[in-house]
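Dear colleague,

Please find below the structure that I am handing over to you. My notes on it come directly after.

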Amino acid sequence: MSEPFELYSRQIDADPFPGYTLLRDKYPCYWSESANLWILSRYDDVVDAATDWQTYSSLKGNLIDEIPGRSGGTLGTTDPPRHDRLRALAQVAFVRRNLEHLALPAVELADAALHEIKDKRQFDFVSEFSSHVTVGTIFQMLGLPERDSTETRNEVVLSISTDKEKRGRNPELDAAFKRLAQFLSDEVSIRRNSPADDLITHLAEAKIDGDRLSDREVVLTTTMFVVAGVESLSSFMSVFALNLAENAAARRKLVKNSKKIPQAIEESLRYNTSAQRFKRTLTRDVTLHGKTMKSGDAVILAYGSANRDERKFNNPEIYDIDRNPKGHLGFGTGKHFCIGNTFARMVADIAMRRLLAVIPDFSVAAPNFEWVSSSNFRSPVKLPLTIEMTN
Ligand code: HEM
């Protein structure tokens with residue numbers, strides 16, 4: 001018998017929303033036999049779990065198919081107090097002054113990409129626009145040398161992908177993550193020998209309780225900025241573009257009044273955030289909706305489902321850029337709330353503002369495009385768009 005929510009299926013990669021509705025209505029605390037974990041899908045349950053880090057621990061990692069060697073070494077794989085200290089150090093990257101320096105590069109990267117695209121009839125939003133802007137800005141934020149954005153995004157995508165046959169990782173996926181980590185490890189070594197005025201140097205020299213971060217911690221944290229940043233942000237911009245391609249009225253409103261873009265970003269984060277689901281591991285038994293989850297069990301917090309919970313949002317299945325989706329979980333909540341949220345909002349706003357100014361009318365060129373095979377993320381491999389000629 002098929003399960004109501006087949007985590008390792010192409011169907012869930014492309015469109016998890018009907019499955020979420022079934023879970024929320026009938027199986028709010030659901031044991032997935034095939035994936036060997038629990039899934040929480042209602043808004044209140046997801047928020048309770050995300051804020052109770054003592055019970056729902058991140059120590060074994062927040063990725064459902066965890067990357068080997070990451071546990072206990074970085075933000076998504078530590079609990080307080082270690083997590084709090086690591087986070088305070090990493091937070092410096094996102095203080096307003098440092099973010100403001102990145103606004104101009106984001107404009108320039110978006111404009112350079114649009115210059116190449118604007119006279120085409122069709123283009124791939126992922127490789128020709130969103131990857132280019134996100135890899136460029138995140139590399140500048142970290143102080144990294146230029147690197148090919150398509151190659152970098154490909155490595156990032158493999159790093160967070162899942163092998164459906166194995167219901168987990170495979171050596172090819174691990175090798176991609178290692179290549180990325182090696183590149184960043186070399187950069188950390190360079191900074192250890194000759195410090196620069198950049199985020200990697202800051203992390204390499206930072207101290208927690210008098211101890212410097214280990215090379216492993218610096219490399220993992222930097223690598224996670226690249227992986228979490230590039231994957232979540234370029235995929236988010238892609239699903240946002242998809243929402244606007246499919247909703248001409250919403251798109252036209254934004255073309256007319258770009259001040260509404262930040263609110264539309266919030267609605268896309270609610271409606272279909274790229275970061276759909278994250279994992280926790282129970283430190284004690286918990287009984288919920290008549291089911292007992294055991295200490296040591298893995299539990300998925302389905303943020304993407306909570307964002308469509310009719311108990312929290314009115315008409316959640318409707319994409320409405322005029323709504324104020326306060327309390328959405330597109331960036332999670334609690335101790336692990338996305339550290340890159342302000343940066344992501346800023347870059348998405350700048351990039352989409354430029355895009356809509358240059359290409360106000362576009363539609364999806366081929367509706368059945370491929371989605372990345374991932375147990376955590378919802379991310380188009382390519383998003384082919386047709387540029388509609390106005391006038
Ligand atoms: C729109 C784009 C983005 C979305 C939708 C997103 C979403 C999320 C979510 C839902 C979490 C919580 C994970 C959990 O509960 O375990 C998270 C955490 C995180 N995000 Fe983002 N993110 C985005 C952009 C970024 C960017 C640009 C960066 C870095 C440059 C970043 C870095 C991180 C890191 C390091 C964490 C772990 C934080 C912690 O555990 O304390 N994210 N993100």
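The notes below cover the ligand shell and two helices.

This is a predicted model, in which local features need pLDDT of at least 70, side-chain atom pairs count only at pLDDT 80 or more, and totals for chains, interfaces and linings use all residues. Residues are numbered from 1 along each chain as its sequence is written.

Around the ligand there are 26 residues (C-beta atom, placed from the backbone, within 6 Å of it). G229, S232, G332, C338 and G340 come nearest. Helices α11 (215-246) and α15 are the elements that give two or more residues to this shell, and α11 gives the most, with seven. Helices here are DSSP runs of H or I, at least four residues, and strands are runs of E, at least two, numbered from the N terminus.

In helix α13 (residues 261-272), nine of the 12 residues are buried (20 or more other C-beta atoms within 10 Å of the residue's own; exposed means 12 or fewer, partly exposed in between; C-beta atoms placed from the backbone), so α13 is largely enclosed by the rest of the structure. Among the nine are E267 and R270. The buried residues of α13 pack against α11, α12 (248-256) and α15 (contact: C-beta atoms, placed from the backbone, within 7 Å).

Helix α6 has A106, L109, A110, A113 and L114 buried. Seen down the axis of α6, these fall within an arc of 130° (taken from the directions from the axis to the C-beta atoms), so they line one face. They pack against α7 (125-142) and α15 (341-358), while L104, A112, H115 and E116, on the other side, are exposed.

With kind regards

Notes: Two residues are in contact if their C-beta atoms, placed from the backbone, lie within 7 Å.
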